[in-house]
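Got the model open in your viewer? Let's walk through a few selections and see what turns up at each one.

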Amino acid sequence: TRKKNRLRSYFGNHLRVCIASLARLYRQPAATLMTAAVIAIALALPAGMYITLDNVGKLSSGWDGSAQISLFLYTHVNKQDARKLKQRLEKHKHIRKIELIDKAQGLEQFRDISGFGDALKYLDSNPLPIVLVVHPEVTDNQPDRTTGLVKELGKNKLVEMAQLDVQWVKRLYTFIEIANRSIWVISTMLAFAVLLIIGNTIRLDIQNRR
């Protein structure tokens, strides 16, 4: 019975204090709204920044997946050897698909893009090489794997030059990593600020009650 009385008194006191605290908050709406707004902003700001950063990371992974590696073969390589190289490279585990652009197709594309169609008529032969356009299998946030694939393909004896522009991808991922660390630092500081605000509010309320 004595323990029950203590428990009843304990919960009864907490209930009375809770009702009294709600009443005090109701009587001071301006201060209550300001305190609640500060806490809400401090909690919502890092969450919003993290969601934005996560969306940017997902969007960048889609850009990275559309990267292409252009393999410029030596001019003496014929179409048959280029097709054999294409068939061998298609078995590579990090390559999704390969497109072959022969010399005639390359010259036609160059004529359409450059606008020097009339000048190209005076050429004795086609100076353009056969090009293999490689579409790599790129995992999220791993542009270094694509760079390693470029170096590997560039060592082939039929390939004169392997080209891929992933510098902007690396810079984007570096920015995302720095921003992610900054969000963690800001979140920690804001969480500490929220604890200080709540603790100070409780301390002031206790002193007023005393």
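A word on pairing before we start: two strands count as paired if DSSP finds at least two bridges between them. Also keep in mind that this is a predicted model.

**Stop one: strand E3.** Select residues 131–136, which make up E3. How many of the residues of this strand are buried? Six of the six, so E3 is largely enclosed by the rest of the structure. Color the side chains by face and you'll find both covered: Val131, Val133 and His135 are buried on one side, and Leu132, Val134 and Pro136 are buried on the other.

**Stop two: the partners of E3.** Add residues 95–101, strand E2, which pairs with E3 in the antiparallel sense over six bridges. Zoom in on Glu99 and you'll see it standing opposite Val133. Now bring in E1, residues 69–73, which is also antiparallel to E3, with four bridges between them. Here, Leu71 has Leu132 as its bridge partner.

**Stop three: Ala162.** Leu71 leads us on, as it is in contact with Ala162. Ala162 sits in strand E4, residues 159–163. Leaving aside neighbours within four places in sequence, Ala162 also touches Ser70, Val150 and Gly154. Try a distance label from Ala162 to Glu152: they are 10 residues apart along the chain, and their C-alpha atoms are separated by 9.2 Å.

**Last stop: the surface of helix H1.** Is Phe11 buried or exposed? Select this residue in H1, residues 2–27: it's exposed, with a relative accessible area of 54%. Add Leu7 and Tyr10, and together with Phe11 you have a nonpolar surface patch of about 350 Å² of accessible area.

Note on methods: Residues numbered from 1 in each chain as written. Predicted model: local features only at pLDDT ≥ 70, side-chain atom pairs only at ≥ 80, totals over all residues. Heavy atoms only, no water. Patch = residues over 30% accessible without salt bridge, like charges linked within 9 Å, V, L, I, M, F, W, Y side chains within 5 Å. Areas by Shrake-Rupley, 256 points an atom, 1.4 Å probe, with all protein chains shown as cover. Salt bridge = Lys/Arg side-chain N within 4 Å of Asp/Glu carboxyl O. Helix = DSSP H or I, 4+ residues; strand = E, 2+ residues; numbered from the N terminus. Buried < 20%, exposed > 50% of the residue type's maximum accessible area, 1.4 Å probe, protein only. Contact = heavy atoms within 4.5 Å.
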